[in-house]
Amino acid sequence: MKSAQQFWDKAASRYSRSPIKDEKSYQKKLEVTQQYFRPDWSVLEFGCGTGSTAIIHAPHVKHILATDVSSKMLEIAEQKARDAGVENASFQQGTLDSLELEPESFDAVLGLNILHLLEDVESAIARVNQLLKPGGVFVSNTALIAEMKFYWRLLIPIMQRLGLAPHVSVFSKQALVSMLSDAGFSIDYEWQPGSEWVYIVARKSA
Ligand SMILES: C[S@@+](CC[C@H](N)C(=O)[O-])C[C@H]1O[C@@H](n2cnc3c(N)ncnc32)[C@H](O)[C@@H]1O
């Protein structure tokens, strides 16, 4: 985990300045996510990066706990939240494994642009299921490396050796859907802005 932390600490400042690649898709995903939210909800985000999405969602729920492995990402996120006057978001450094979180304590868990960066995707999904209240929702947006053009997939290990790319897990949409259903989720909403990405809202059984 140390190397993921180092990689993302180093990337934090550049990441915070990089524009959203597909603004229209981003807005659609925000909108769909917010249709699920209720004002009394407690939300966990893991891999929150520099906190932009947590800050946008915060006014729609009671509280968001935004977490990330990188303390540098979180420093930027905390400053952004202060600048935006957001008071119902808190930030904590750690991973789904290392954070001490109460089982069945969240109404929603957000994992945005993160599942494909984890080494053990199955256990992360199982942990999310454990943290959600019965009937709670897991909102994810994930790169499907298995669907990428072969030359990108050839480039990834080279970039990793040069320290220019993080660890990635390779899975297809079908594999992701199977992992979610094996962990006890049913798919409530699914949208693909293109073949290489999928946005899924999965519900834990009530
Ligand atoms: C591609 S960024 C996505 C950030 C944000 N969710 C977004 O959509 O802009 C991936 C984030 O996941 C964090 N990360 C990577 N591995 C992690 C892990 N095992 N646990 C928690 N966060 C992790 C990185 O520090 C980084 O902030």
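These are my notebook entries on the sheet, one helix across it and the ligand shell in a predicted model.

Entry 1, the sheet. I looked up the strand order first and found an open sheet of 7 strands, arranged β3-β2-β1-β4-β5-β7-β6, in which the pairing is mixed. The edges are formed by β3 (89-93) and β6 (185-194), each of which pairs on one side only. I also noted the twist, which averages 15° from one strand to the next.

Entry 2, the β3 edge. I went to β2 (residues 63-68) and found that 5 bridges join this strand to β3, the two running parallel. Within this part of the sheet I picked out Leu65, which stands opposite Ser90 in β3. I then turned to helix α4 (residues 71-84), which lies across β2 and β3 and runs at about 165° to β3.

Entry 3, the β6 edge. Here I found β6 joined by 7 bridges to β7 (residues 197-204), with the two strands running antiparallel. The connection between β6 and β7 is a hairpin through 2 residues, and I recorded Trp197 in β7 as the bridge partner of Gly194.

Entry 4, the ligand. Which residues are closest to the ligand? I counted 17 residues surrounding the ligand and listed Trp8, Gly47, Gly49, Ser70 and Thr95 as the closest. Sorting the shell by residue class, I obtained 10 nonpolar, 6 polar and 1 charged, with Gly placed among the polar residues in this count.

Note on methods
Residues are numbered from 1 along each chain as its sequence is written. This is a predicted model: local features need pLDDT of at least 70, side-chain atom pairs count only at pLDDT 80 or more; totals for chains, interfaces and linings use all residues. Two strands pair if DSSP finds at least two bridges between them. Helices (H or I, at least four residues) and strands (E, at least two) are DSSP runs, numbered from the N terminus. Axes are lines fitted to C-alpha atoms, for helices over the stretch in contact, and angles run from 0 to 180 degrees between N-to-C directions. Two residues are in contact if their C-beta atoms, placed from the backbone, lie within 7 Å. A residue is near a molecule or strand if its C-beta atom, placed from the backbone, lies within 6 Å of it.
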